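Grab your viewer and work through the exercises below. Each one has a task and a step-by-step solution.

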Amino acid sequence: MSSDDNDTPSRRQVMGGLATGIAAVFSTTASAQQDGGAPARPEVPLRNPVTLYPKPPFPSQTQPWPGLASKMQPRPDHGETSYKGSGRLQGRKALITGGDSGIGRAAAIAYAREGADVAINYLPAEEPDAREVVALIKEAGRKAVALPGDIRNEAFCRKLVADAVKGLGGLDILVNNAAKQQTQDSILDVTTEQFDTTVKTNLYAMFWITKAAMPHLKPGSAIINTTSVNAYDPSENLLDYAMTKGGIMIFTKALARQVAKQGIRVNGVAPGPFWTPLQVSGGQTQENLVKFGQDTPMGRPGQPAELAGVYVELASAGASYTTGQIYGASGGRGNP
Ligand code: NAD
Ligand code: MG
């Protein structure tokens, strides 16, 4: 959590709530021990999700694509100071595309704190964000493998999987999460180049990486694909992107049926509006960015940290009967 976040009113409220919660923990523990019972576990403070994180209006801002989380105002919360693991992925080996920032970074931090070794892929321009993630994985006592490169290239995708397997000593969790999203008001403004890059990044790369990973995945392994609320409720200015997110959703369901008997589970996550670099590097118009998340019942966008638990759950053995499902998180709007 950066110092800028500490200045927001909602952050102060959270910290105030935490302080009250911590006081409550001490009193509960003390009274349980006084009564001669077993020491009570610390209580998890109740927190209101509506006031937990920043709300619009957000400062108008743009970054050249692909953008850096470290330069966003306010900085997104990826769980750096908050995510606590409990060994749910002990010994697992995970590859996460787009693991440098946003939702992929929240998954990377959570996986490491749950006991997994983690390889992340990202673009070379994102090295500053990636370095922070590598440091956090190592701080969690796990192995971090940094694999920069452009997944629009099939040969690179094959090499990425081979290098992840080599670096981690195997692979049992694959998170296809990288994506390209550029807003255009009209189909007339979507160039063939943009269309091609969106489809290559969001669909071809998922296909190439999954295909390369499949021979390495043993029964019990899990694939998680990041789709979007746009797969169900498309934004009119995200025509090409929404189309690929629909494709990811149905690829997830079809592959899940195909590989179920191999003991490999395939699920998807469909986020609504989340505060990430994708949105400030061409993913939204400035008009929409300033009021980002306002039209959800919660009245705010999600923070990447709020999805970490979902990625952990879908990867973990606890979800052993869950495959071909899409988990939505949209602050009350959208599907599934
Ligand atoms: P993000 O910008 O933090 O992550 C996207 C990542 O994609 C980048 O960090 C980059 O490393 C990677 N990437 C893009 N093009 C690449 C390429 N050619 N080669 C290698 N890597 C490339 O943003 P995010 O919002 O966390 O995005 C993660 C996923 O969440 C995406 O699939 C996105 O579609 C999805 N999603 C986001 C939102 C949202 O509101 N932020 C909503 C629904 C779905
Ligand atoms: Mg990034």
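**Exercise 1. Sort out Arg 131 and its partner.** Is Arg 131 buried or exposed in this predicted model, and which residue does Arg 131 pair with in a salt bridge?

*Solution.*
- Step 1: Start with accessibility. Arg 131 has 57% relative accessibility, and the cut-off for exposed is over 50%, so Arg 131 counts as exposed.
- Step 2: Look for an acid. Glu 127 makes a salt bridge with Arg 131, and their closest N and O atoms are 3.8 Å apart. The cut-off is 4 Å, so the pair makes the list.
- Step 3: Check the spacing. Both residues sit in helix H4 (residues 127-139), and because they are four residues apart, about one helical turn separates them.
- Step 4: Look at the acid's own cover. Glu 127 is partly exposed, at 24% relative accessible area.

**Exercise 2. Find the long-range salt bridges.** How many salt bridges does a search of the whole structure find? Then take the pairs Arg 88 with Glu 313 and Asp 172 with Arg 92, and work out where each partner sits.

*Solution.*
- Step 1: The search of the whole structure turns up 13 salt bridges.
- Step 2: In one of them, the side chains of Arg 88 and Glu 313 meet at 2.5 Å, N to O. That pair ties together distant parts of the chain, 225 residues apart: Arg 88 is in the loop between helix H2 (9-34) and strand E1 (93-97), while Glu 313 is in helix H10 (residues 308-315).
- Step 3: Now accessibility. Arg 88 comes out partly exposed at 37%, and Glu 313 is partly exposed at 30%.
- Step 4: Go to the other pair. Asp 172 and Arg 92 form a salt bridge with the closest N and O atoms 3.5 Å apart. This link spans 80 residues, from Arg 92 in the loop between H2 and E1 to Asp 172 in the loop between helix H5 (154-168) and strand E4 (173-176).
- Step 5: Compare the cover. Asp 172 has a relative accessible area of 16%, under the 20% cut-off, so Asp 172 is buried. Arg 92 is partly exposed at 33%.
- Step 6: Don't stop at pairs. Arg 75, Glu 80, Arg 105 and Glu 132 are joined in a network of salt bridges.

**Exercise 3. Take the metal site apart.** Which residues coordinate the magnesium ion (ligand 2), and what spacing do the donors follow along the chain?

*Solution.*
- Step 1: List the donors. They are Asp 100 (OD), Ser 101 (OG) and Glu 126 (OE), at 2.1 to 2.2 Å from the magnesium ion (ligand 2).
- Step 2: Read off the pattern, which is D-S-x24-E.
- Step 3: Place the two acids. Asp 100 is in the loop between E1 and helix H3 (102-113), and Glu 126 is in the loop between strand E2 (117-122) and H4, so to speak a link between distant parts of the chain, 26 residues apart.
- Step 4: Check burial. Asp 100 and Glu 126 are both buried.

**Exercise 4. Hunt for surface patches.** Which residues form the patch of negative charge, and which form the nonpolar patch?

*Solution.*
- Step 1: The negative patch on the surface gathers Asp 185, Asp 189, Glu 236 and Glu 287.
- Step 2: Zoom in on Glu 287. Glu 287 belongs to helix H9 (residues 286-290) and counts as exposed, with 59% relative accessibility.
- Step 3: The nonpolar surface patch is made of Ile 187, Leu 188 and Leu 239, with about 370 Å² of accessible area together.
- Step 4: Zoom in on Leu 188. Leu 188 lies in the loop between E4 and helix H6 (192-213) and is exposed, at 77% relative accessibility.

**Exercise 5. Check the omegas.** Most peptide bonds are trans. Where is the bond to Pro 74 cis, and what is omega for the bond from Asn 335 to Pro 336?

*Solution.*
- Step 1: Gln 73 and Pro 74 are joined by a cis peptide bond with omega about -5°. Pro 74 is in the loop between H2 and E1.
- Step 2: The bond from Asn 335 to Pro 336 is cis too, with omega near -5°. Pro 336 falls in the segment after strand E7 (326-329).

Definitions and conventions: Residues are numbered from 1 along each chain as its sequence is written. Chains are lettered from A and ligands numbered from 1 in the order in which they are written. This is a predicted model: local features need pLDDT of at least 70, side-chain atom pairs count only at pLDDT 80 or more; totals for chains, interfaces and linings use all residues. Side-chain values use heavy atoms; hydrogens and water are left out. Helices (H or I, at least four residues) and strands (E, at least two) are DSSP runs, numbered from the N terminus. Buried means under 20% relative accessible area, exposed over 50%, partly exposed in between (1.4 Å probe, protein chains only). Patches are made of residues with over 30% relative accessible area and no salt bridge: like charges are joined within 9 Å, nonpolar side chains (Val, Leu, Ile, Met, Phe, Trp, Tyr) within 5 Å. Accessible areas come from the Shrake-Rupley method with a 1.4 Å probe; for residues, only the protein chains shown count as cover. Lys and Arg count as positive and Asp and Glu as negative; His and the chain ends are not counted. The place of a charge is taken as NZ of Lys, CZ of Arg, CG of Asp or CD of Glu. Donors are N, O and S atoms within 2.8 Å of the metal (3.2 Å for Na, K and Ca); water is not among the atoms, so sites may look incomplete.
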